[in-house]
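Visitor: Could you take me through one part of this model up close? I'd like to start with a helix and then see what else is around.

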Protein chains: 2
Amino acid sequence: MPGYTAPRRDLSFVLFDVLDAEAHWRAMAATREVDRALAEAIVDAGGTLAESAFLPLNASGDAEGCRFDDGAVSTPRGFAQAYRSYAEGGWTGLGGEPAYGGQGMPKMLTVAVEEMFFAANTSLYLYSALSAGAALLISSHGSEAMKQRWLPEIYAGSTTGTMCLTEPQAGSDLGLLRTRAEPLEGDEYSLTGTKIFITGGEHDLTDNIVHLVLARLPDAPEGSRGISLFLVPKVLDDGQRNAVAAGAIEHKMGIRGSATCVLNFDGARGYLIGEPNRGLACMFTMMNYERLSIGLQGLGAGEIAYQNALAYARDRLQGRAPRAEDRRENAAADNLLVHPDVRRLLLTQKAYNEGGRAFAAFVGLQLDIAKFSDDEVAARDAADLVALLTPVAKAYFTDRGFEGTVLAQQVLGGHGYVGEWGLEQFVRDVRIAQIYEGTNGIQAMDLTDRKTARDGGRMAGLFADRVAAFLADGHCPERLRPGLEAALEAFRRSTAFIVEHSAEDPALAGSAACDYLELTGLLAYGWLWAWMVNVAEAGLEEDGADVDFLQGKVATGNFFHARLLPLSATLEQRISSGSASIMALAAQQF
Amino acid sequence: MPGYTAPRRDLSFVLFDVLDAEAHWRAMAATREVDRALAEAIVDAGGTLAESAFLPLNASGDAEGCRFDDGAVSTPRGFAQAYRSYAEGGWTGLGGEPAYGGQGMPKMLTVAVEEMFFAANTSLYLYSALSAGAALLISSHGSEAMKQRWLPEIYAGSTTGTMCLTEPQAGSDLGLLRTRAEPLEGDEYSLTGTKIFITGGEHDLTDNIVHLVLARLPDAPEGSRGISLFLVPKVLDDGQRNAVAAGAIEHKMGIRGSATCVLNFDGARGYLIGEPNRGLACMFTMMNYERLSIGLQGLGAGEIAYQNALAYARDRLQGRAPRAEDRRENAAADNLLVHPDVRRLLLTQKAYNEGGRAFAAFVGLQLDIAKFSDDEVAARDAADLVALLTPVAKAYFTDRGFEGTVLAQQVLGGHGYVGEWGLEQFVRDVRIAQIYEGTNGIQAMDLTDRKTARDGGRMAGLFADRVAAFLADGHCPERLRPGLEAALEAFRRSTAFIVEHSAEDPALAGSAACDYLELTGLLAYGWLWAWMVNVAEAGLEEDGADVDFLQGKVATGNFFHARLLPLSATLEQRISSGSASIMALAAQQF
């Protein structure tokens, strides 16, 4: 069975040695109570729960899957009990509002915890990941009565939440959705329609579920300006089942322990959230939360796959080392770790995982500053960075996570393709993360069109200026400077190209989107790796330094800069080739 | 259910319009009988069988899988009947030696046929793909008696073949294998040991199976110089079952209709092929055959995935076209094909598939010239190109095939992740092709170390000279010339770097291997695309030209050159960064 050890050491390095979380927490009233000791205790306890309660159910949950029986959904054996331990430990309310029973922990800390639960058992954690986003939506846009009614239950883990957007004819294009909401009395409505691909739409972990549902009021404008948002409980306050039921569950490539449901609303009672026809804007609060969360699914998958590939590479004896000094004496073979191409596979994963962990913490920090800082300029800039970087985190984490699981599988050869080592499950499970919560192509369009072209490149410039400031402040290791400068300039030129040409070429943003998102992610990792190398090299000067950890950090940063960051030149070349080669084919010429 | 239409039109374009197959066939005595009409009739008939008999069993075979019951293996419902139609149609002996009942068709044609069967049903076709390689091994290295005994049966499809290399402790490193062969009398031996991951090791399609088995004679030298090759029939000539039996079948991520067996040899009777202790060299005849064949699995998977993604993109209405001229009037949404990022996904697949189809035909042609040409220099050069390019075809086809199926799945969004559209099966099925028949890392080492560094770059120079000759002969479209020249120079410089530094740095070849293989594949596709664009542009000048096909070809070639070929610069940069960043980490620093 695959193993997993929570990355406690690396999380501490990122949070405290690199990003100086304690200084940020001290500076904001809402986080002043949090210090390193508390944060490390939380990470440690979360990691232990992930290792001991989540991980053992990962393979069995995949093998068993969810069962559907006449509207009822059973989760795999052990899920309900593990979920109860998790809820009773207070994990469901970790980032929740204290006024309603949440623990109010900073986002910078909760992203660390999320990565670990996703790594250990994605299917099981998904039930909670959706609930946290639902709570955030309710706390941001719900009435006071709605908050008092639902937040304590969600924070306590006794009710979960879902996000009901997709319909058979409306996926990426929510403007096409047809679910209807007829007014009853007060803020009550009757909802009718079918939603598909609803994660955790029905299950046996809790007694109640709150569905957050997009629907149209009578005479609503067409398209996305005519969409309203409703809260639809599975069980009504009088104890009756509401008229919402699962019609089926999907048979999927992976996350087979997560119930993906067809939900039929048949005159179900719902409660309006926010203004009529303005529901999409409210739903974006949850969508943005889930986008970062699903990014962390990618990060967690990359980490657990790497750990298992590394363990295999240490044990498996195959072939002789190319360098004489690496050969074991009197042995017929050496372990896989001596082979350059296997090291390349592992280093690529390690570089992406640790770069991603730093980027996740950075985005988490911006979310905290945007929400809690008294410094208006800092808060506004942080909010802009969050807007710019959330689609990057979602897509780049999951693309690299998928790539990482595939590379990890490759380390095991044929043993990676059969079920017993678990690697093939990681590949299947993480693949969905590139698709749901808005495909990575949609994320790239959000970044490139909405957040960059239509913004005149202002937010992109804010991000570039952060990297430039790092290059100017003397902390960039000199050997890494030329590569980072080249990537930064490629990003600035690409941004300018997109902003300049989007006005006359409506197909440009879409043609450039995925490459521009990848360039942004690459630059972010290149910057954070240079920063981490600098911190690690300083750490190595200290007495009692954790030499292997820090030297490994330096060497992995060198690898990222030598072999992965140079892709920025190709990405710029693609972007600057414009839309012509993509738009030239007539439909019948494909 | 997914659809599939055999790429008849494109195969004719590649074989006859680009590579001028008829001129080559006329020039060689062994292929003089083959002409365009015959070849097109064979492709058409093979395509029809793939579409009508193989495709309908693909999804059901995956759902049902193989069953194992006390040593017996049942293939999925319908497989046996479809296999019989295929064998009775003469397809099992298509490339076989005429003197023993084969049809002697040129390799350039059989690669086309293989692509179609792999596309339509990889699991079913694998039984035959292994048999053809076994027949080639027997015809190349077996005694006359052995050929007469087995070739007619294999060509008739009444016996299949397997390739027994891997053991639990010996995968990529065959020097570690332990299966023993004790001499009996004459060329008979008694074999004892366990082989794993044996494709088609047991099944119910035919009464007999011949296993080609690597084993050690008593007192054989250690390592790969002490390996001998044996033919071990499942059923002996006296009708008795031989002492070889399946101990289990693997539960795999994909190719679930292909029986992957643990085979136990328990004093099984076998017959030596070739010289004692020289078995690995003989086995390489089959391995090289299968490497190209498995490459075609990647190509076929990429094609069927593309066709289904394209069909979905044409039908699915979602979002409005960014360009006003692409918008349907009075409609709420346009189809996916109008969106630049979806076009990018599809064009990437199309460019890889059609580039790969041309490359497969080119390698097939070199195999025919090497085997049949009277021109000694041409035959020797062709053999060198085959040696150089076989690992490239295996790895680059399967890497691009996997990438293509993932991109195709992405076009369908959530519908690509659930079972019913079939895309997720293509991803799962093709993933093994990057692993078996020597992982793609092993292929890259074969290319970079054995075929390039140790060869002083001679064969690589031969390939580069072909591209240079094309650039010199006036057929390269001028707008594509700078990109192709840049890729060629990147390849030449990278080759020189590897040859020069491998002597002093034993870790260099392994560090550069995968990037060098990718660079080689990219250059080959860039060259063949420029060639195809040239042919298509000339064709467009003719009366009655197939305008959409040819314009699509030109536009796809432009896309390849604008957006995919530029990666060559990054690959060169990685290669020239040497081994330092890969070898620096100590084992405990991972």
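Guide: Sure! One definition before we zoom in: a residue counts as buried if 20 or more other C-beta atoms lie within 10 Å of its own. Keep in mind, too, that this is a predicted model.

Now find helix α3 of chain B, residues 36-54. This helix has 19 residues and reaches 25 Å from its first C-alpha to its last, close to the 27 Å expected at 1.5 Å a residue. Its buried residues are A39(B), I42(B), V43(B), G46(B), G47(B), L49(B), A50(B), A53(B) and F54(B). What do they pack against? Their partners are α1 (8-18), α2 (21-27), α4 (58-64), α5 (79-88), α6 (107-120) and α7 (122-141) of chain B.

Staying with chain B, let's look at where it touches chain A. Here 74 residues of chain B are in contact with 74 residues of chain A. Several helices of chain B each supply at least two residues of that side, including α10 (340-372), α17 (508-540) and α19 (567-576). The largest share, eight residues, comes from α18(B). Sorted by class, the side of chain B that touches chain A has 34 nonpolar, 27 polar and 13 charged residues.

Hop over to chain A for some strands. Strand β4 (residues 180-183) and strand β5 (residues 188-199) of chain A run antiparallel, joined by four bridges, and E182(A) stands opposite S190(A) in β5(A). The two strands form a hairpin with four residues between them, and G186(A) in the turn has a positive phi of about 60°. β5(A) also pairs with strand β9 (residues 260-273) of chain A, in the antiparallel sense over ten bridges. There, the bridge partner of G193(A) is F265(A) in β9(A).

Terms used
Residues are numbered from 1 along each chain as its sequence is written. Chains are lettered from A and ligands numbered from 1 in the order in which they are written. This is a predicted model: local features need pLDDT of at least 70, side-chain atom pairs count only at pLDDT 80 or more; totals for chains, interfaces and linings use all residues. Two residues are in contact if their C-beta atoms, placed from the backbone, lie within 7 Å. Ala, Val, Leu, Ile, Met, Phe, Trp, Tyr, Cys and Pro count as nonpolar, Asp, Glu, Lys and Arg as charged, and the others, Gly among them, as polar. The expected span of a helix is 1.5 Å times one less than its number of residues. A residue is buried if 20 or more other C-beta atoms lie within 10 Å of its own, exposed if 12 or fewer, and partly exposed in between; C-beta atoms are placed from the backbone. Two strands pair if DSSP finds at least two bridges between them.
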